Amino acid sequence: MPLIEDLQDPKLLEATLETQRVFDGNLLHVNRDTVGLPDGSTATREYILHPGAVMIIPVLPDGRLLLERQYRYPLHRVFLEFPAGKLEAGEDALLCAQRELLEETGYTASEWEFLGVLHPIISYTDEEIRLFLAKGLTAGEAQLDEGEFVECVAVSMDELVAGVLDGTITDAKTVSGIFWAQQKGLR
C-alpha cells in the first residue's frame with residue numbers, strides 16, 4: 001500500500017465543478033465548492049482561503065528558544081507559541097520572517113535557514129506556513145502592531161517537550177516547530 005509515493009492517486013482526487021464565495025473578510029475568505037467525487041457522485045466542500053504565513057524558531061545564544069505568550073481570541077486563552085505572522089501579497093517568505101521576528105520580539109538574526117512548509121489544518125483551509133530557523137540573535141525593541149500584545153519568553157527544549165506532553169502547549173505550528181528544532185539538534 002503506497003503511503004508517500006503516490007499522493008496524487010487519481011482514484012482519490014476530487015474535481016471542482018463549481019465555486020461560490022460565501023464570505024469575504026479582511027484576512028480570510030470562505031468558499032463553498034461543489035466537487036465531483038471519485039465514484040462519480042458530488043459533494044459540497046467549504047474551506048477558508050488564507051494568504052499564507054511564516055513561523056520562526058529563534059535560537060538564543062544560550063540555546064534556549066524564544067517564544068511568545070499571546071491571547072488568542074477564538075479559544076479565549078493565552079497560548080505559548082513561536083513567533084509567526086501573515087504573508088503580505090507578493091511578499092517573500094524570508095523577508096516576512098525577518099519582519100515578523102523584529103516586529104514581535106525586537107530581535108534580528110544573522111543566520112536564517114528554511115526548514116519546510118506546514119499545512120496546519122488540511123480539512124478546511126489552504127493555509128501554508130513556511131518555517132524558518134533563526135540564529136545569531138541580537139536583541140532590539142519590538143515594534144508591535146496596534147492592538148497586538150505579546151510577551152516574549154525564553155524556554156528550554158526540555159520545558160517545551162514537557163509542555164507538549166502535558167497538554168500545556170497545543171498550538172499545532174509550535175508543536176511542529178519543536179519537532180523541527182529537535183531534528184536540528186537543539187537541546
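Begin by selecting Glu103, which counts as buried because its relative accessibility is 14%, under the 20% limit for that class. The structure on display is a predicted model, and the tour proceeds from this residue to its partner, then to the chain as a whole, and then to further sites.

**Glu103 and Arg99**

Add Arg99 to the selection. Arg99 and Glu103 form a salt bridge, in which the closest N and O atoms are 3.6 Å apart. Both residues belong to helix α1, which covers residues 93-105. They are separated by about one helical turn, because they stand four residues apart in that helix. Arg99 is partly exposed, with a relative accessible area of 23%, whereas Glu103 is buried.

**The whole chain**

Now show the full chain as a cartoon. It has three helices and 10 strands. Read from the N terminus, the order of the elements is β-β-β-β-β-β-β-α-β-β-β-α-α. The C-alpha trace spans about 60 × 45 × 30 Å along its principal axes.

The chain has 187 residues, and 36% of them count as buried. Among contacts with a separation of 6 or more, 56% are between residues 24 or more positions apart. If a surface is displayed, its accessible area comes to about 11300 Å², and carbon and sulfur atoms account for 54% of that.

Colouring by charge shows 15 positive and 32 negative side chains. The centres of these two sets lie 3 Å apart. In general, side chains of opposite charge can pair when their charged atoms come close. The count of salt bridges in this model is 15.

**Glu128 and Arg130**

Select Glu128 and Arg130 next. A salt bridge joins these two residues, with the closest N and O atoms 3.2 Å apart. Glu128 counts as partly exposed at 28% relative accessibility, and Arg130 is likewise partly exposed, with a relative accessible area of 24%. Elsewhere, salt bridges that share partners join Arg72, Glu81, Asp171 and Lys173 into one network.

**Arg72 and Glu81**

Within that network, centre the view on Arg72 and Glu81. Their salt bridge brings the closest N and O atoms to 2.8 Å. Is Glu81 buried or exposed? Glu81 counts as buried, because its relative accessibility is 1%. Arg72, by contrast, is partly exposed, with a relative accessible area of 33%.

**Glu148**

Keep Arg72 visible and select Glu148, a residue of the loop between β9 (129-138) and β10 (151-155). Which side chain of opposite charge is nearest to Glu148? That side chain is Arg72, 6.9 Å away. Glu148 is buried yet has no salt bridge; the cut-off for such a bridge is 4 Å between a side-chain nitrogen and a carboxyl oxygen. When residues up to four places away in sequence are set aside, Glu148 touches Gln70 and Glu104.

**Tyr71 and the nonpolar patch**

Move next to Tyr71, located in strand β5, which comprises residues 65-72. Tyr71 is partly exposed, with a relative accessible area of 44%. Select Tyr73 and Val78 as well: together with Tyr71 they make a nonpolar surface patch of about 340 Å².

**His76**

Then select His76, in the loop between β5 and β6 (77-81). What is notable in the backbone of His76? Its phi is positive, at about 55°, although His76 is not a glycine. His76 counts as partly exposed, because its relative accessibility is 48%.

**Gly177**

The final stop is Gly177, in helix α3, which runs over residues 172-183. Gly177 is buried, with a relative accessible area of 0%. Which residues are in contact with Gly177, leaving aside neighbours within four places in sequence? They are Met55, Ile57 and Phe82. To end the tour, draw a distance between the C-alpha atoms of Gly177 and Ala139: the separation is 21 Å, for two residues that are 38 residues apart along the chain.

Methods:
Residues are numbered from 1 along each chain as its sequence is written. This is a predicted model: local features need pLDDT of at least 70, side-chain atom pairs count only at pLDDT 80 or more; totals for chains, interfaces and linings use all residues. Side-chain values use heavy atoms; hydrogens and water are left out. Patches are made of residues with over 30% relative accessible area and no salt bridge: like charges are joined within 9 Å, nonpolar side chains (Val, Leu, Ile, Met, Phe, Trp, Tyr) within 5 Å. Accessible areas come from the Shrake-Rupley method with a 1.4 Å probe; for residues, only the protein chains shown count as cover. Helices (H or I, at least four residues) and strands (E, at least two) are DSSP runs, numbered from the N terminus. Buried means under 20% relative accessible area, exposed over 50%, partly exposed in between (1.4 Å probe, protein chains only). Lys and Arg count as positive and Asp and Glu as negative; His and the chain ends are not counted. Contact means heavy atoms within 4.5 Å. The place of a charge is taken as NZ of Lys, CZ of Arg, CG of Asp or CD of Glu.
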